[in-house]
Amino acid sequence: MARAIWTGVITFGLVTVPVGLYTATEDHTVHFHQLQRGTSDRVRNKRVNERTGDEVDTSDIVKGYELDEGQYVVVEPDELDDIAPGRSQTLDITDFVALDAIEPVYFDRTYYIAPRGKEYTEVYELLRAALAQSNKAGIATFVMRNKQYLTALRAEDRVLVLQTLHWADEVRDPSQELPELPSGRAGRGKQLDMALQLVDALSSDWDPARYHDTYQEKVRELVRAKAEGQEIVAAEEPPEATNVIDLMKVLEGSLQAARSGRGGKEPAGERKEKTGPRKAAARSSAAGTSAKTPARKAPTKKAGAARARSRGAGGKAELQKLSKAELYQRATEQDLPGRSKMSREELVDALARSGRRRKKTAA
C-alpha cells in the first residue's frame, strides 16, 4: 500500500474534504553506481568547504543568497518554514477552468488524490463527478516541502488527479527562444492533403500498453551481454532528413506503406489481420483506379514475384538514380528488414545485395 507524501484538505466554496497526495508514476530507468575506472571502488559525492576542503556535516549547512560577489544573505531552514504560505495544509480551489484550455506545456508532474477515510468518500466523489461532467479542472495552490505549487485538479475514472503546473513566467515563448520556425505559407496544398491522409492511415486508439521504453531494454541487454562476455551490437544510424524536393514522393511512399499495413503502428497480431484488404486498397490506389475506370486484375503470386525480382535486380548504378522514396518503396515491396531506419545509401546497398541474391537464386 502506497503512503501519502502530503496530507491536507481540499476546499471549494464552503465544502472541505481531507485528502492524501500519492505519487502516480514510478521511474524504471536503469541506475548505475559511479566507479573508478579499472577498479570496483565506488565513487561518492561529498559536501566540502570550498575554501578549506574539509567535509561539512548536513546539519551545518544553511542556505545563502548571493547579493554581490562573496556577499551572502544567510537563511535558516526554519525561517523558510515560517514564511511558507498555506501552513494549514490547505489545497484551496479558487477557479474552475475548461480542461482543454490548459496548454500541455504547463503540465508538470501527476499525483493521485484520495480521501482520508471512508467517511469522506461521498464528498470526494461529489467533487470528482462534478469535474468529470463539466470537463473542467479546479485550479489551486498548495505548499509541499518548502515549495508552493500551482495545480490543476481533474477527474478520471473513480479518482481525482492532481497535476502540478508550471508558473506562467517559467514557460518560454517559442517565438523568442527558437532559432527557426516555419512561415505561415508552409503546410498547405497537396502536401498537406497527403500528410492528412498519412495521419488518417496511421491513426489508432490510444493504448499506452502498446508502447515500451526500448532504450532501457537495450541498456539492460547491454549489461547482460557484457556480464556474459558477448559482443555488443551497435545501434543503427538515424535516418537522413527528408529533402523538400522529394517530399511528395516520400509522402506517397509513406502513405502506400501505411495502407499496406507495413508502415502502421499496429501490433504484429493486428497487422496480419489487416494486411490483406490494405494491400488490395494500396494496389488499387497505385493503379489509379476510380469509379469510371475498371479496376485492373490483381497480379498473381508468380507475377508479383517476377516484378519484385525485376525491380530488385537493378545494379547499384541504377539504384543511385532513384530518390529515397523510390528506394524505400522497393525495399517495402521486398520486405527488407530495418528499412525504415536506413539512410539513402544504406537502402541502395541493401537493395543491391538483395538483387544479387535473387540473381543467384534464379540461376
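In which sense do β5 and β7 pair, and over how many bridges? The two strands pair in the antiparallel sense, over 6 bridges. They belong to a predicted model of a protein chain with 11 helices and 9 strands. In this chain, 7 strands close into a barrel, and the points below describe that barrel, the helix packed on it and several individual residues.

**Overall description**

- Of the 363 residues in the protein chain, 23% count as buried.
- The accessible surface of the chain comes to about 26,800 Å², and carbon and sulfur atoms account for 51% of that area.
- When contacts between residues at least 6 apart in sequence are considered, 57% of them join residues at least 24 apart.

**The barrel**

- The order of strands around the barrel is β1-β2-β6-β9-β8-β7-β5, and the pairing is mixed.
- On average, neighbouring strands of this sheet are turned by 40° against each other, with direction ignored.
- Helix α2, which spans residues 121–134, packs on the sheet. The strands that α2 touches are β1 (6–12), β2 (15–23), β5 (90–98), β6, β7 (136–143), β8 (148–156) and β9. The direction of α2 makes about 80° with that of β8.
- In general, the strands of a sheet pair through backbone hydrogen bonds, in either a parallel or an antiparallel arrangement.

**Strand β7 and its partners**

- Strand β7 is mostly covered, with 6 of its 8 residues buried.
- In the pairing of β5 with β7, D95 stands opposite I139 of β7.
- Strand β7 is also joined to β8, by 6 bridges, and these two strands run antiparallel. Within β8, L150 is the bridge partner of T141.
- Strands β7 and β8 form a hairpin in which 4 residues lie between them. One residue of the turn, R145, has a positive phi of about 55°.

**Strands β6 and β9**

- Strand β6 (residues 107–115) and strand β9 (residues 159–165) run antiparallel and are joined by 5 bridges.
- Y112 stands opposite V161, a residue of β9.
- Is T164, a residue of strand β9, buried or exposed? T164 counts as buried because its relative accessible area is 2%, under the 20% limit for that class.
- Beyond its neighbours within four places in sequence, T164 is in contact with Y106, F107, D108, R109, Y111, Y149, L150 and T151. One of these contacts, L150, is the bridge partner of T141 in the β7–β8 pairing.

**Loop residue Q34**

- Q34 is found in the loop between β2 and β3, the latter spanning residues 63–68.
- With a relative accessibility of 45%, Q34 counts as partly exposed, because that class lies between the 20% limit for buried and the 50% limit for exposed residues.
- Leaving aside neighbours within four places in sequence, Q34 has contacts with D41, R42, V43 and N45.
- Q34 and N45 are 11 residues apart along the chain, and their C-alpha atoms are separated by 9.7 Å.

**A nonpolar surface patch**

- V62, Y72 and V74 form a nonpolar patch on the surface. Together, these residues have about 280 Å² of accessible area.
- Within this patch, V74 has its place in strand β4, which covers residues 71–75.

How values were computed: Residues numbered from 1 in each chain as written. Predicted model: local features only at pLDDT ≥ 70, side-chain atom pairs only at ≥ 80, totals over all residues. Heavy atoms only, no water. Buried < 20%, exposed > 50% of the residue type's maximum accessible area, 1.4 Å probe, protein only. Contact = heavy atoms within 4.5 Å. Areas by Shrake-Rupley, 256 points an atom, 1.4 Å probe, with all protein chains shown as cover. Pairing = 2+ DSSP bridges. Axes fitted to C-alpha atoms, helices over the stretch in contact; angles between N-to-C directions. Patch = residues over 30% accessible without salt bridge, like charges linked within 9 Å, V, L, I, M, F, W, Y side chains within 5 Å. Salt bridge = Lys/Arg side-chain N within 4 Å of Asp/Glu carboxyl O.
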